[in-house]
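Thanks for coming, everyone. Let me put the structure up, and then we will walk through it together.

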Amino acid sequence: MPSQMEHAMETMMFTFHKFAGDKGYLTKEDLRVLMEKEFPGFSENQKDPLAMDKIMKDLDQCRDGKMGFRSFFSLIAGLTIACNDYFVVHMKQKEKK
């Protein structure tokens, strides 16, 4: 039986391939759909209409309009770090009360 961490890894891999399909990479449109479905809070609260363009530009290492799994993982890692930073600050504020 897989551990929680192994399950999390498997979920990230399966999610990437679900949206990438047989082509094995995400286009900007694939990324937009993935973000809307898998991170609805991020998409709903996004005030920058060019956010997807900026994310794709930052993570499209070859500048070919394709995001591979490594870049996708970097995005997930960055989002996770930001959420953790928020969580730590929130927990410290909660402890002060």
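Let me start with a question. Over residues 5-44, what percentage of the chain is helix, and what percentage is strand? The answer is 80% helix and 0% strand. The end C-alpha atoms of that stretch are 28 Å apart. Why pick those residues? UniProt, in an unreviewed entry, annotates residues 5-44 as "domain: S100/CaBP-9k-type calcium binding subdomain". One caution before we go on: this is a predicted model.

Now the whole chain. The protein chain has five helices and zero strands. From the N terminus on, the order is α-α-α-α-α. The C-alpha atoms fill a box of roughly 50 × 40 × 20 Å, taken along the principal axes. Of the 97 residues in the chain, 21% are buried.

Next, helix α1. The helix covers residues 4-20, which is 17 residues. At 1.5 Å a residue, α1 should span 24 Å, and its end C-alpha atoms are indeed 24 Å apart, so the two values agree. Which residues of α1 are buried? They are T15, F16, F19 and A20. Looking down the axis of α1, these buried residues fall within an arc of 125 degrees, so they line one face of the helix. The general rule helps here. An α-helix has 3.6 residues a turn, so residues three or four places apart point the same way. Turn to the face of α1 away from the buried side, and you meet the exposed residues F14 and K18. Just after α1 comes G21, with a positive phi of about 70 degrees.

On to helix α4, which we can read in the same manner. Its buried residues are A51, M52, I55, M56 and L59. They cover an arc of only 130 degrees around the axis, which puts them on the same side of α4. The face turned away from that buried side carries K57 and D58, both exposed.

Two of those α4 residues come back in the next topic, the largest pocket. How much space lies in this pocket? About 170 Å³. The pocket is lined by 13 residues, and those nearest its centre are R32, Q46, P49, A51 and M52. Which elements give two or more residues to the lining? They are α2 (28-38), α3 (40-45) and α4 (51-59). Of these, α2 gives the most, with five residues. By class, the lining has five nonpolar, two polar and six charged residues.

Last, the far end of the sequence. UniProt lists residues 69-89 as "transmembrane region", again in an unreviewed entry. In this model that span is 100% helix and 0% strand. The end C-alpha atoms of the span lie 30 Å apart. Helix α5 takes in residues 69-96, and K92 is found in this helix. Is K92 buried or exposed? K92 is exposed, because its relative accessible area is 51% and the cut-off for exposed is over 50%. And how far is K92 from L50? Their C-alpha atoms are separated by 33 Å, with the two positions 42 residues apart along the chain counted as their separation.

To recap: five helices, zero strands. Buried residues line one face of α1, and those of α4 sit on the same side of that helix. The largest pocket takes most from α2. That is the tour. I am happy to go back to any of these views.

Note on methods. Residues numbered from 1 in each chain as written. Predicted model: local features only at pLDDT ≥ 70, side-chain atom pairs only at ≥ 80, totals over all residues. Heavy atoms only, no water. Helix = DSSP H or I, 4+ residues; strand = E, 2+ residues; numbered from the N terminus. Expected span 1.5 Å × (residues − 1). Buried < 20%, exposed > 50% of the residue type's maximum accessible area, 1.4 Å probe, protein only. Arc of directions from axis to C-beta. 1 Å grid on protein atoms, 1.4 Å probe; cavity = no way out; pocket = protein on both sides within 12 Å on 5 of 7 lines; lining within 4 Å. Points joined across faces, edges and corners; volume = space filled by probe spheres on them. Nonpolar A, V, L, I, M, F, W, Y, C, P; charged D, E, K, R; others polar. UniProt positions renumbered as here; feature names shortened; annotations may be inferred.
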